[in-house]
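Work through the exercises below with the sequence and the coordinates open. Each task is followed by a solution in steps.

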Amino acid sequence: METKELLYICAAAGLLNLETIQAGQFLISRPSFAGFILGLICGYPLQCFFAGLLIEAIYLDYTPIGGAVPPNGAAACAVFAGLADKSYECFSICFFIALFSGFIYAAADRKIREMKNAWNEFYQMEIKEGKFKPAVWIATSLLADFTVLSASCAIFIIILRPLHSFLYSYPFLRSWMETAFLAVPFIAFSSFYFRLAGQVRKNA
Amino acid sequence: MPEFWKIFFRSFFIQAGWNYMKFQNLGFIFALEPVLKRIHKGEELKQAYLRHIEIFNTQPYMAGFVLGNAAGMEEKKIDGQQILKIKQSLACAYASIGDRIFWARLRISVFLATILLYFLLTVLQILPPVKAALFALAVPTALYCAFSIYIRAAGIKKGYLCSGSGYCGLDFLDWNKIIKVSSRANFAILVVIIFYGLFSAIVYRTGFSKDNDLFAFEFLFVITAVLAQRHFRAQKKPLTWTLFSCFAGALVFALLKRFFA
């Protein structure tokens, strides 16, 4: 992957991530859509769409209620798009690396939110001094999240590429990943089945 | 309300600056700023800012109901403590409704509709795969957006009209009916997808080995993974537990395959 392509993927993921939490929440950044968009940049939208669908099936188990931070779909899809290629040969390996990257980024996201706790003192201070401008803070927040996610994605892709190559180079490890991958749709959809059946039962 | 459009567009940023201490306080004050600036000047404006920079958290699409209500109460110059009390009680009520409708149901509806549409468009060969994927993604997302944007806009208007009331807008729609209908629709779509998926896996062996013995082994592994998912769910563990156990199971399976090969 060229550096230019990597930069485009990370920047696009950064923008998509803003849509997830900070601005809009139009569901354009849900993993399947984000995967498709990032796949268009790399030239394999369909593969990224399929990966996005499976990532979304797993991540939908985590609901962003209250202070809960679900795994990050934009980061996961960016890592998938950054590691995968046009062939479907390493699909399962890229999928698992991407899936766990989303969980790792959620931890970073929690740290950013903790960091923003300190901003509250500055708001109070600025209000008392008559200098409070919420738009400036909103822009700072958007910029911080965009930068952190884009940089994290670039780091993830660069660091995880050797792991991907290592897993791919050994047929036994590849077979292990492919077998584990086989169960993913079944786990996700059976989980959905019991969850939705429970919802229907409760609301009957 | 003269600032309706300003509040409406700014309400899309309600979650910007989200923090664990006061949640959506920055987004809320940003959306309400045009109204506060029109009504209050000098020290009064500072007090209004300090009032609304306090803790606030609700479901983002439902925030309009609280924003409209707060704007109306500020206009009526209702006592600050009363404003905070009504704001907090409404935020909790709308968070509960919004989480159940949007996060727990409609978000899943969009996902399931995407899969169903993609299957239909590709199996019936109506569109080539890439166009089918784009169509399957865009249509449910657009419908979801239309509804969520409507709720945001209508919420601001409704909240403003009944401002000062602690149950303002809670009867705006039949929320229970929406919850019931979306639960049933989701379940029906899911059953169709599962049937199609199982048919494809068993008859065409999509993703599975074409060798009969290996297929039996693989299918056994998948069934075990589903049982593991049920076991961990019963213990209230997240899906990651199942994924890790699946990794361990797949390692055993891969070793056995190597041994017998």
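A residue is buried if 20 or more other C-beta atoms lie within 10 Å of its own, with C-beta atoms placed from the backbone. By this count, buried residues make up 47% of the 204 residues in chain A. The model is predicted, and the exercises should be read with that in mind.

**Exercise 1. Confidence and build of chain A**

Task: State what the mean pLDDT of chain A is, and in which elements confidence is lowest and highest.

Solution.
Step 1. Chain A has a mean pLDDT of 90, and 99% of its residues reach 70 or more.
Step 2. Confidence in chain A is lowest in α8(A), at a mean of 88, and highest in α2(A), at 94.
Step 3. As for the elements themselves, chain A holds eight helices and zero strands, and from the N terminus on they run α-α-α-α-α-α-α-α.
Step 4. Along the principal axes, the C-alpha atoms of chain A fill a box of roughly 65 × 55 × 25 Å.
Step 5. Among contacts in chain A with a separation of 6 or more, 71% are accounted for by residues 24 or more positions apart.

**Exercise 2. Build of chain B**

Task: Describe the elements of chain B, and explain why chain B is more spread out than a compact globule.

Solution.
Step 1. Chain B has nine helices and zero strands, in the order α-α-α-α-α-α-α-α-α along the sequence.
Step 2. For 261 residues the globule rule gives 18 Å, whereas the radius of gyration of chain B is 25 Å; that is well over the rule, so chain B is more spread out than a compact globule.
Step 3. The box filled by the C-alpha atoms of chain B is roughly 80 × 40 × 30 Å, taken along the principal axes.
Step 4. Chain B is divided into domain 1 (4–206) and domain 2 (208–261). The centres of these two domains, taken over C-alpha atoms, are separated by 38 Å.
Step 5. Of the 261 residues of chain B, 41% count as buried. Residues 24 or more positions apart account for 69% of the contacts in chain B with a separation of 6 or more.

**Exercise 3. The side of chain A that touches chain B**

Task: Find how many residues of each chain are in contact, and which helix of chain A gives the most to this side.

Solution.
Step 1. The contact joins 63 residues of chain A with 66 residues of chain B.
Step 2. On the chain A side, at least two residues each come from α2 (31–42), α3 (45–59), α5 (91–117), α6 (119–129), α7 (134–169) and α8 (171–203).
Step 3. The helix that gives the most is α8(A), with 21 residues.
Step 4. Sorted by residue class, this side of chain A divides into 40 nonpolar, 17 polar and six charged residues.

**Exercise 4. The largest nonpolar core**

Task: Identify which residues of the largest nonpolar core touch the most other members, and say where the core lies with respect to the domains of chain B.

Solution.
Step 1. The core has 127 residues, and those that touch the most other members are Ala13(A), Leu38(A), Cys77(A), Ala78(A), Val79(A), Phe80(A) and Ala98(A).
Step 2. The element that gives the most to this core is α5(B), with 17 residues.
Step 3. Both domain 1 (4–206) and domain 2 (208–261) of chain B give residues to this core, so the core lies between them.
Step 4. Take Cys77(A) as a case. Leaving out residues up to four places away in sequence, Cys77(A) touches Ala13(A), Pro31(A), Ala34(A), Gly35(A), Leu38(A), Cys48(A), Gly52(A), Ile55(A) and Ala98(A).

**Exercise 5. Gly98 of chain B**

Task: Decide whether Gly98(B) is buried or exposed, and list what it is in contact with.

Solution.
Step 1. Gly98(B) lies in helix α5 (residues 80–123) of chain B.
Step 2. The count for Gly98(B) is 24 other C-beta atoms within 10 Å, so Gly98(B) is buried.
Step 3. Apart from neighbours within four places in sequence, Gly98(B) is in contact with Thr58(B), Gln59(B), Tyr61(B) and Met62(B).

**Exercise 6. Two residues with positive phi**

Task: Locate Gln25(A) and Phe23(B), and determine whether each is buried or exposed.

Solution.
Step 1. Gln25(A) is not a glycine, yet has a positive phi of about 55°. Gln25(A) sits in the loop between α1 (3–20) and α2 of chain A.
Step 2. Gln25(A) counts as buried because it has 23 C-beta neighbours inside 10 Å.
Step 3. Phe23(B), also not a glycine, has a positive phi of about 55°. Its place is the loop between α1 (4–10) and α2 (25–39) of chain B.
Step 4. With 21 C-beta neighbours inside 10 Å, Phe23(B) counts as buried.

Key:
Residues numbered from 1 in each chain as written. Chains lettered and ligands numbered in written order. Predicted model: local features only at pLDDT ≥ 70, side-chain atom pairs only at ≥ 80, totals over all residues. Contact = placed C-beta atoms within 7 Å. Helix = DSSP H or I, 4+ residues; strand = E, 2+ residues; numbered from the N terminus. Nonpolar A, V, L, I, M, F, W, Y, C, P; charged D, E, K, R; others polar. Domains from an automatic or database assignment. Buried ≥ 20, exposed ≤ 12 C-beta atoms within 10 Å, placed from the backbone. Core = buried A, V, L, I, M, F, W, Y, C linked by C-beta atoms within 7 Å. Rg over C-alpha atoms; globule rule 2.2 N^0.38 Å. pLDDT = per-residue confidence, 0-100.
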